[in-house]
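Hi everyone, thanks for making time. I'll walk you through one model today, one spot at a time, so get comfortable and have a look at the screen.

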Amino acid sequence: MQFAQEYLKIGLKEESISEVKEIAQPASATPQRLSVEVNLLAGAEDLVFELRHLGFKAGFYTSATDDSNTANEHEGIWVGSRIPVPYALAVIKAAKTHWPFLRYVMILGDKGSSPPKHVHYRMFIGGATSVAHRNKLRPWNYEDFERLNEDMSLKHFHSYIRSFY
C-alpha cells in the first residue's frame with residue numbers, strides 16, 4: 001500500500017504502478033540497470049527510441065493527475081536520487097531535445113515522500129506540472145539546464161536541483 005501511495009504522489013496512474021514496479025536495483029548503476037519512464041505525450045515513441053539507443057531501459061507510463069496529455073500539464077523531470085550524474089544528464093539532454101517544454105526538475109524522495117528503493121534508480125520524463133506546483137518548484141530556463149555538467153558531483157548535482165525548490 002505504501003508503494004502505491006508514493007507512486008501516486010509523483011503522479012502515476014494506479015494501473016501504471018504494476019508496469020514500473022520491480023526489484024530494487026543493485027548499487028552499481030549502469031545505463032542498462034537504470035530505468036527511464038516516459039509519459040505518453042506526443043513524440044514519446046521517438047524519445048523512448050533514443051533513450052534505448054543510448055543504452056537505457058526506457059518505457060512508457062500514464063499520469064494519475066489528469067486525463068489530458070498536453071505538454072503544458074506535463075513539464076516535469078523526476079530524477080532518482082542514485083542516478084549517476086552523467087546518466088541523468090544524458091537523459092535530460094535527450095528529453096529536452098525532444099520536449100523543450102520540460103521545465104521542472106525534482107529528485108524523487110524529496111518533498112516529504114519516501115519511495116521504494118528501486119525508484120532511486122529511475123527517471124520519469126513528462127511528470128505532472130501540478131506536482132511541480134504542489135511542491136512549489138521553480139521553473140528552469142534554458143540557461144539553468146545549460147549549467148548542468150558531467151563534472152558535477154552527485155552532491156553538487158542534487159544541491160543545484162534543490163536550489164529550485
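**Walking through the model**

Let's start at Arg 162, which touches Ile 107 and Asp 110 once you set aside residues up to four places away in sequence. Before I go on, keep in mind that what you're looking at is a predicted model. Arg 162 is part of helix α7, residues 154-162. Is Arg 162 buried, exposed or something in between? Partly exposed, with a relative accessible area of 36%. And if you look at one of its partners, Ile 107, the two are 55 residues apart in sequence, yet 7.9 Å apart in space, C-alpha to C-alpha.

Now the other partner. Asp 110 is in the loop between β4, residues 104-107, and β5, residues 122-127. Asp 110 counts as buried, because its relative accessibility is 14% and the cut-off is under 20%. So what does Asp 110 contact, leaving aside neighbours within four places in sequence? Arg 162, as we just saw, and Tyr 165. With Tyr 165 there's a polar contact, side chain to side chain, at 2.8 Å.

Let me zoom out for a second. The protein has 165 residues, and buried ones make up 50% of them. There are 7 helices and 5 strands. Going from the N terminus, you read off α-α-β-α-β-β-α-β-β-α-α-α. And how do the contacts spread along the chain? Take contacts between residues at least 6 apart in sequence: 79% of those join residues at least 24 apart. Arg 162 with Ile 107, at 55 residues apart, is one example we've already met.

Okay, another one, and this is a spot I'd like you to rotate to. Ser 81 lies in the loop between β3, which is 76-79, and α4. Ser 81 is buried, with a relative accessible area of 17%. Which residues does Ser 81 touch, not counting those up to four places away? The list is Ile 107, Leu 108, His 120, Leu 154 and His 158. Notice Ile 107 in there: that residue also touches Arg 162.

Out of that list, let me pick His 120. In sequence, Ser 81 and His 120 are 39 residues apart, but C-alpha to C-alpha they sit 4.9 Å apart. Their side chains are joined by a polar contact of 2.6 Å.

Next stop is a histidine, His 74. You'll find His 74 in the loop between β2, residues 57-61, and β3. How accessible is His 74? At 0% relative accessibility, it counts as buried. Its side chain has polar partners, though. One is the side chain of Asn 39, with a polar contact of 3.0 Å. The His 74 side chain also reaches a backbone atom, the oxygen of Gly 126, at 3.2 Å.

Let's do some helix packing. Helix α3, residues 44-53, packs with helix α4, residues 85-98, at an angle of about 150°, and their axes are 10 Å apart. Anything over 145 degrees counts as roughly antiparallel, so that's what we call α3 and α4. As for the hand, the α3 and α4 crossing is right-handed. Who makes the contact? From α3 you have Asp 46, Leu 47, Glu 50 and Leu 51, and from α4 you have Val 91, Ala 94, Ala 95 and His 98. Sort the residues in the α3 and α4 contact by class and you get 5 nonpolar, 1 polar and 2 charged.

Two last loop residues, and they make a nice pair. Leu 34 lies in the loop between α2, residues 14-20, and β1, residues 35-39. Lys 136 is in the loop between α5, residues 129-134, and α6, residues 142-146. Which of the two is buried, and which is exposed? Leu 34 is buried, at 2% relative accessibility, whereas Lys 136 is exposed, at 64%.

Leu 34 has a long-range story as well: Val 119 is 85 residues away from it in sequence, and the two C-alphas are 9.5 Å apart. For Lys 136, the thing to look at is the backbone: phi is positive, about 55°, although Lys 136 is not a glycine.

That's my tour. Happy to go back to any of these spots on the screen.

Terms used. Residues numbered from 1 in each chain as written. Predicted model: local features only at pLDDT ≥ 70, side-chain atom pairs only at ≥ 80, totals over all residues. Heavy atoms only, no water. Axes fitted to C-alpha atoms, helices over the stretch in contact; angles between N-to-C directions. Helix = DSSP H or I, 4+ residues; strand = E, 2+ residues; numbered from the N terminus. Parallel < 35°, antiparallel > 145°, perpendicular 65-115°, else oblique. Left-handed = near helix turned anticlockwise from the far one by under 90°. Contact = heavy atoms within 4.5 Å. Nonpolar A, V, L, I, M, F, W, Y, C, P; charged D, E, K, R; others polar. Buried < 20%, exposed > 50% of the residue type's maximum accessible area, 1.4 Å probe, protein only. Polar contact = N/O pair within 3.5 Å; in protein donor to acceptor, adjacent residues only side chain to side chain.
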